[in-house]
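Trainee: Please choose one part of this model and look at it closely with me. I would then like to see the rest of the chains around it, with each term explained as it comes up.

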Amino acid sequence: MQYTLLILALPLLNFIVLGLVDSKWKPKVAGTIGTLVLTIVAALSYYATYEYFSFHKVNGVFEKLMPFNMEWLRFTDYLHINLGILLDPISVMMLVVVSTVSLMVHIYSLGYMKGERGFERYYAFLSLFTFSMLGLVLATNIFQMYIFWELVGVSSYLLIGFYYTKPSAVAAAKKAFIVTRFADLGFLIGILLLSYFTKTFDFEALTSGNASVFAGFTGVSFMGISVLSWAMALIFIGGAGKSAMFPLHIWLPDAMEGPTPVSALIHAATMVVAGVYLVARLFPIYDLYTPGVLHGIAYVGAFTSLFAAIIAVVQTDIKRVLAFSTISQIGFMMVALGVSKMGGEQGLGYMASMFHLFTHAMFKALLFLGAGSVIHAVHSNEMNHMGGLRKYMPITNITFLIACLAIAGIPPFSGFFSKDEILTAAFQFSPYFGALMTFTAGLTAFYMFRLYYSIFWGKEHKHQHTPHESPLVMALPLVFLALVTVFAGFIPFGELVSSDRVPFHSELDLTVASISVIVALFSITLATIFYRKESKIPSLLATKFSGLHKAASSRFYVDEVYLFITKKVIFNNVSRPIAWFDRHIIDGTMNGFASTTQWGSLKIKGVQSGQVQQYAYVFLLGTLVIAALVLFV
Amino acid sequence: MDYSSFLQMHEEFSLLGIMVFLLVYDIFAGEKAMKYFQPLALILLVIHTIYNAIPRDAFSIAGGMFEYVPMQSYVKAILNIGTIVILLQAHKFLNEETNRIKRGEFYFLIFSTLLGMYFMISSGNFLMFFIGLETASIPLTTLIAFDKYNRKSAEAGAKYILSAVFASSISVFGMSLIYGSTGTLYFSDLATLITGTPLQIMAFVFFSVGLFFKISLVPFHLWAPDVYEGSQTNITAYLSVISKGSAVFVLFTLLIKVFGHLVHQWQPILYGLAIASITVANLFAIRQQNLKRFLAFSSISQAGYILLAIISGSAMGMASLVYYVLVYMFSNLAAFGVISVIEERTGKVQISDYNGLYQTNPRLSFVLMLALFSLAGIPPFAGFFSKFFVFSAAAAQGFYVLVFIALLNTIISLYYYLLIIKAMYLNQNENPIEKVSSDWAVKLSLAFCTLGILAVGLISGIYGQISLLSFGM
């Protein structure tokens with residue numbers, strides 16, 4: 001399968017060509033070329049997937065293929081860095097995710113970004129990002145992964161800051177880059193620790209379950225915790241940064257300042273799940289040697305998931321709702337990995353996590369692209385500038401609704417199947433955990449339908465000009481992704497992706513499924529009552545049917561109770577404080593680092609005075625201090 | 001005495017030959033022949049570099065005054081390449097009406113300092129070392145004050161000579177103490193004679209601050225920003241890369257060859273200096289408005305990172321040091337190249353002047369962005385690998401805390417490097433710097449540096465080749 005090298009090479013080539021020609025070509029030509037190249041990449045990825053899953057199963061186990069692997073940097077006698085391509089079920093699955101979403105975003109952007117300044121630059125950056133992301137998922141060793149990981153960071157920095165005339169976009173780009181870099185520091189230290197003791201970077205050696213590789217770690221501990229646990233925890237911190245886990249999630253909502261298709265690509269489907277992918281990649285180590293860290297991951301995931309879902313309920317910017325929803329859904333994936341074990345039925349969580357990653361990528365990309373379509377039509381991100389759009393934008397309306405049903409977990413949409421597997425795995429781990437995740441799933445259904453109704457139903461907002469459906473290039477990706485969302489749930493995922501690469505058959509747990517569907521339907525009903533109609537209709541009904549008036553008013557009373565509980569109690573006492581905590585404490589701490597640095601540099605500025613005599617004085621003083629310290633200490 | 005063994009000093013003689021030839025050419029060539037002065041000088045230097053870049057067998061001549069080991073060929077080659085790049089960048093400046101008459105001097109002085117560094121690197125005796133050091137710094141002073149009617153340039157020259165003399169005198173005092181306690185100045189003898197008596201430790205500290213000054217480590221760095229700001233930008237580049245690069249290599253070899261027994265003294269010293277240099281320089285860099293001063297502080301912190309390679313004292317440390325200097329040379333010279341061409345054409349050096357540079361000068365902005373990414377150590381650019389090797393060298397010797405502090409500092413540094421990238425690409429400006437046209441020489445130098453930034457990290461053979469010749473304790 002040597003041709004998989006082309007999957008990497010083509011986007012890189014595309015970036016170089018588009019980057020070099022800059023504005024010499026017409027924007028349309030650059031966009032078309034970029035899209036065509038990506039179509040080829042996607043076709044190759046699909047073919048590779050087909051070939052891999054059809055022909056590379058040996059004795060019932062999917063092979064690990066390395067069609068290309070070269071030694072690139074010999075470091076010491078035993079430690080060397082390779083560059084190569086690793087094909088196994090999860091990397092092949094990611095190939096499909098990345099190339100599909102990227103292709104959709106390429107097509108969609110032809111319409112969305114039309115007429116923007118720097119259109120060619122935008123497509124060049126998109127190609128760079130796609131290349132980096134594909135390189136990340138195909139990496140054969142952790143070091144190669146790290147390099148592409150950083151490259152992903154760089155290219156997303158460039159994409160978030162694309163609207164460089166907007167100060168908030170620039171600030172967001174910087175925030176995203178620096179926060180994730182901070183986490184990457186943990187990742188790098190983790191890699192160094194791991195490679196120092198195991199003497200290898202290769203995933204193959206690290207995850208083969210060979211205990212001798214980890215012999216170097218025996219008895220080495222730091223602060224009472226084994227160094228292997230430290231290393232794996234640090235690596236997870238790197239993943240938590242990219243995947244926006246609490247408390248490193250602060251950059252993601254701000255990153256929504258970038259162009260909406262970019263949010264769909266980076267902040268919904270690909271880059272943000274890199275952390276999940278990393279944990280999945282190293283899963284055998286987490287499971288066999290550091291189960292404590294793995295459980296920690298589950299707790300972090302569960303907390304983040306709940307936390308983000310609560311915040312999503314009070315947001316009014318539609319992209320921010322989607323951002324918090326993404327954080328929450330990635331939390332689900334992390335939980336699934338955290339509660340999983342190796343092998344067969346025990347590895348249900350692993351499979352569920354990958355399944356959800358796949359389905360979520362599709363429907364969340366759809367939601368973002370749909371939101372982009374809405375923003376394109378009304379020129380605002382604010383919910384209360386929308387309402388009643390279903391008449392004007394039928395395609396967006398229906399596709400958005402499909403995505404909402406999927407994320408809420410309503411059968412037969414794809415999100416139902418993957419979320420159900422996660423909940424089943426969580427219930428197996430601990431009933432409390434399962435209950436917590438089910439509650440979060442209910443919240444998800446609630447805020448998604450609050451979003452849906454506020455955009456497409458409710459009171460119509462007065463628009464300066466009538467909103468219109470988006471052009472065909474933008475509608476096409478929506479329809480395609482909607483179709484995937486409808487049918488992806490029926491993919492027998494366990495037969496393809498599993499923790500030990502042995503296919504297994506997973507069945508729906510009917511109890512869990514029915515509980516989760518009931519909770520979702522209940523939440524949707526609630527959202528329907530609250531947000532579908534403005535309060536005018538009840539009063540109209542009240543005058544026409546006075547008999548029903550009492551019922552309506554008592555319903556209103558129930559409404560009041562619900563409103564009181566949600567708006568007064570939950571919103572004021574839970575969501576707001578959490579949002580406040582998020583804004584002031586978490587953000588404040590990060591800002592604190594920056595201002596302390598600034599303050600420090602202001603204080604010592606006086607030393608640099610321009611006086612040579614003073615320089616000589618400091619020089620001599622320095623010499624004498626060093627001499628004294630060396631001699632007497 | 002048989003002087004024929006002196007002929008083994010190929011590299012020194014060939015450079016000296018070029019110097020003399022250019023001096024004579026400069027005096028006797030007519031108006032027409034003078035047009036070819038710069039191309040000729042560059043071609044000669046390129047030939048000289050290629051011819052001498054291949055390592056030979058180690059030898060020692062003049063009774064141990066001059067000691068050659070194969071690694072020195074690489075170090076000298078890096079210095080040569082850097083000098084070629086700088087001369088390319090200075091090409092247009094030296095062709096200007098006012099400077100044409102001083103062109104010969106410029107080349108002669110630059111080659112003199114280079115020759116001084118050669119001797120300093122290959123010295124086997126403190127006297128030889130001192131002669132090399134002074135041969136390198138005194139012509140450098142004249143270069144700094146090259147534009148002598150410019151107040152800032154003259155001031156920078158004065159500051160540099162005063163500080164350099166002060167540093168040298170302390171250094172010589174240290175040497176005298178070494179001689180006093182051991183009775184010899186030959187490195188080979190001193191290795192066994194220096195055993196760690198208090199007098200010798202004092203001697204070591206006084207001697208080494210001379211080199212710390214050259215490398216501009218905190219607190220011996222105060223001259224650097226003023227001098228960098230005042231000198232002509234190409235000379236600033238020379239100071240920050242070539243002069244510094246030679247000094248770190250010498251420091252490493254001396255610490256191992258001569259002061260090997262004092263390892264428990266010099267490791268803590270370097271430890272402290274590394275932390276101080278990286279941190280203090282980072283804090284200052286954030287505040288700078290002038291790009292040249294900014295790069296001065298950036299280069300001080302980069303020097304701090306190099307100390308991590310020295311502190312390890314291992315063969316891996318030496319390999320990573322030479323590799324670091326090579327990568328640092330490409331990155332820093334790319335940055336200085338862009339700054340010098342913009343300063344020359346428009347006179348602008350403030351960071352705020354660079355707002356919106358991308359709109360008018362996309363190529364220059366791109367090169368500067370690559371250079372800054374490389375300096376910040378972001379993969380896959382070469383700067384990442386050099387930092388990685390240096391950190392690994394230190395970590396392999398157990399300096400985990402130091403590596404951790406250095407890693408934290410790379411994040412702070414990322415912040416200020418990004419400030420410049422942000423200015424160029426993201427900040428808005430009503431009237432950004434107009435489009436500047438660069439001549440072929442600058443284009444060539446920038447293309448070469450860009451290639452270096454992109455390729456040196458990715459071509460694994462380079463590090464492998466360097467590490468073959470490295471040695472440690």
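**A buried loop residue and its surroundings**

Mentor: S216(B) is buried, because 28 other C-beta atoms lie within 10 Å; a residue counts as buried when 20 or more other C-beta atoms, placed from the backbone, lie within 10 Å of its own, as exposed when there are 12 or fewer, and as partly exposed in between. The model is a predicted one, in which local features need a pLDDT of at least 70 and side-chain atom pairs count only at pLDDT 80 or more, while totals for chains, interfaces and linings use all residues. Residues are numbered from 1 along each chain as its sequence is written, and chains are lettered from A and ligands numbered from 1 in the order in which they are written.

The backbone at S216(B) has a phi near 55°, a positive value in a residue other than glycine, and S216(B) lies in the loop between α9 and α10 of chain B. Helices here are DSSP runs of H or I with at least four residues, and strands are runs of E with at least two, both numbered from the N terminus. That loop, between α9 (198-215) and α10 (223-230) of chain B, also holds P219(B), which is joined to V218(B) by a cis peptide bond with omega of about 5°.

Chain A offers counterparts to both features. A244(A), in the loop between α8 (227-242) and α9 (251-254) of chain A, has a phi near 55°, again positive in a residue other than glycine, and A244(A) counts as buried because it has 29 C-beta neighbours inside 10 Å. A cis peptide bond with omega of about 5° joins P411(A) and P412(A), and P412(A) is placed in the loop between α16 (394-408) and α17 (414-429) of chain A.

Turning back to chain B as a whole, its secondary structure comes to 20 helices and 2 strands, and buried residues make up 59% of its 473 residues. Two residues are in contact if their C-beta atoms, placed from the backbone, lie within 7 Å; among contacts in chain B between residues at least 6 apart in sequence, 80% join residues at least 24 apart.

One helix pair in chain B is worth following: α4 (residues 71-95) and α11 (residues 233-257) of chain B pack at about 175°, with their axes 10 Å apart, where axes are lines fitted to C-alpha atoms, for helices over the stretch in contact, and angles run from 0 to 180 degrees between N-to-C directions. The two helices are therefore roughly antiparallel, a label for angles over 145 degrees, with under 35 being roughly parallel, 65 to 115 roughly perpendicular and the rest oblique. Residues making this contact include I78(B) and F93(B) of α4(B), and Y238(B) and F249(B) of α11(B). They divide into 11 nonpolar, 6 polar and no charged, with Ala, Val, Leu, Ile, Met, Phe, Trp, Tyr, Cys and Pro counted as nonpolar, Asp, Glu, Lys and Arg as charged, and the others, Gly among them, as polar.

Finally, the contact between the chains takes 37 residues from chain A and 42 from chain B. On the side of chain A that touches chain B, α24(A) gives the most, with 11 residues, and the residues of that side divide into 21 nonpolar, 10 polar and 6 charged.
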